[in-house]
Amino acid sequence: MGKIYMTACMKGGCAKTVTTYNLAYSLKELGKKVLCVDFDSQANLSICFGVENPVAVPVTIGHLMMAQIDDDELPGFKEYIQSRNGVDFISSSMMLSAVDAKLRLEMGAEKMLSEILEPLRDRYDVIIIDTAPTLGALNINALAAADEVIITVNP
Ligand SMILES: Nc1ncnc2c1ncn2[C@@H]1O[C@H](COP(=O)(O)OP(=O)(O)O)[C@@H](O)[C@H]1O
Ligand SMILES: [Mg+2]
């Protein structure tokens, strides 16, 4: 059963995204099966993975979160998990900001990301969530989903 990590820091530009990306490929080199989740509406991690236009990705983590909040059935893994050079990832887009607003109106909505990722645990050794520098409803979801938090600091 895979372990879920998140990178976190309340400051932008503290290497959260770079750490997620490099850690993912380092673990892959060690033979681990890795999934990265871009959980920042700026979609920097998705861009690192080569997604040119995040808004054009049909199913992003924002779509999955919306479906989970509305109690809709999630699409199949193949519809939202992309792969690049041996590391899998779920894209983000601006749409995730709308999820943030919606989550604030929902009671007990801190487990939405956890519910999306739990069924994926069996398929991966490591899942890494890249977050935005805020302590809003999205990062509370990431904290509820993660087993461990990697706090990056400005050296
Ligand atoms: N170890 C490092 N040495 C030099 N530059 C780095 C290092 N880690 C990250 N950077 C640079 O810092 C900037 C911000 O990193 P990023 O991972 O996007 O931060 P965050 O996700 O925390 O906002 C990027 O331009 C990245 O290339
Ligand atoms: Mg980032």
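Is F49 buried or exposed? With a relative accessibility of 2%, F49 counts as buried, since buried here means under 20% relative accessible area. Keep in mind as you look around that this is a predicted model.

F49 is a good place to start, because it is in the loop between α2 (44–48) and α3, and its ring partner Y21 sits in helix α1 (residues 16–29), 28 residues apart from it. The model has 5 aromatic pairs, and in this one Y21 and F49 meet edge-to-face, with ring centres 5.2 Å apart and 65° between the planes. While F49 is buried, Y21 is partly exposed, at a relative accessible area of 22%. If you look at the rings around them, you will find that Y21, Y25, F49 and F89 are linked into a cluster by ring pairs.

Another pair of rings belongs to helix α4, where F77 and Y80 lie 3 residues apart, about one turn of the helix. Their rings are also edge-to-face, at 6.3 Å centre to centre and with 80° between the planes. Here too the partners differ in their cover: F77 is partly exposed at 26% relative accessible area, whereas Y80, at 2% relative accessibility, counts as buried.

Now let us turn to the strands, and to β2 in particular. Strand β2 covers residues 34–39, and 6 of its 6 residues are buried, so the strand is largely enclosed by the rest of the structure. Follow the side chains and you will see that both faces are covered: V34, C36 and D38 are buried on one side, and L35, V37 and F39 are buried on the other.

Which strands pair with β2? One is β5 (residues 126–131), which runs parallel to β2 and is joined to it by 6 bridges. The other named here is β4 (residues 87–90), which also pairs with β2 in the parallel sense, over 3 bridges. L35 is a handy residue for tracing both contacts: its bridge partner in β5 is I127, and in β4 it stands opposite D88.

From the strands we can move on to the charged side chains. The structure holds 7 salt bridges, and a few of them are worth a closer look. In one, the side chains of K102 and D70 meet with N and O 3.0 Å apart. This pair links distant parts of the chain, as K102 is in helix α5 (residues 95–105) and D70 is in the loop between α3 (61–69) and α4 (77–80), 32 residues apart. Both partners are partly exposed: K102 has 25% relative accessibility, and D70 has a relative accessible area of 38%.

Helix α5 also holds a salt bridge of its own, between R104 and D100, whose closest N and O atoms are 3.2 Å apart. Because R104 and D100 are 4 residues apart in the helix, they are separated by about one helical turn. The two ends of this bridge are covered to unlike extents: R104 counts as exposed at 59% relative accessibility, and D100 counts as buried at 17%.

A further salt bridge brings together D147 and R121, with 2.8 Å from N to O. D147 lies in the loop between α7 and β6, and R121 in the loop between α6 (112–117) and β5, so the pair ties together parts that are 26 residues apart in sequence. R121 counts as buried at 8% relative accessibility, while D147 counts as partly exposed at 38%. These two are part of a network of salt bridges that links E118, R121 and D147.

What, then, makes up the nonpolar patch on the surface? M10, L135, I140, L143, V149, I151 and V153 together make a patch of about 700 Å². The elements that give two or more residues to this patch are α7 (137–145) and β6 (148–151). V149 is one of its members and lies in strand β6. With a relative accessible area of 39%, V149 is partly exposed.

Key: Residues are numbered from 1 along each chain as its sequence is written. Chains are lettered from A and ligands numbered from 1 in the order in which they are written. This is a predicted model: local features need pLDDT of at least 70, side-chain atom pairs count only at pLDDT 80 or more; totals for chains, interfaces and linings use all residues. Side-chain values use heavy atoms; hydrogens and water are left out. Patches are made of residues with over 30% relative accessible area and no salt bridge: like charges are joined within 9 Å, nonpolar side chains (Val, Leu, Ile, Met, Phe, Trp, Tyr) within 5 Å. Accessible areas come from the Shrake-Rupley method with a 1.4 Å probe; for residues, only the protein chains shown count as cover. A salt bridge is a side-chain nitrogen of Lys or Arg within 4 Å of a carboxyl oxygen of Asp or Glu. Buried means under 20% relative accessible area, exposed over 50%, partly exposed in between (1.4 Å probe, protein chains only). Two strands pair if DSSP finds at least two bridges between them. Rings of Phe, Tyr and Trp (its six-membered ring) pair if their centres lie within 6.5 Å; planes under 30 degrees apart count as stacked, over 60 as edge-to-face and the rest as tilted.
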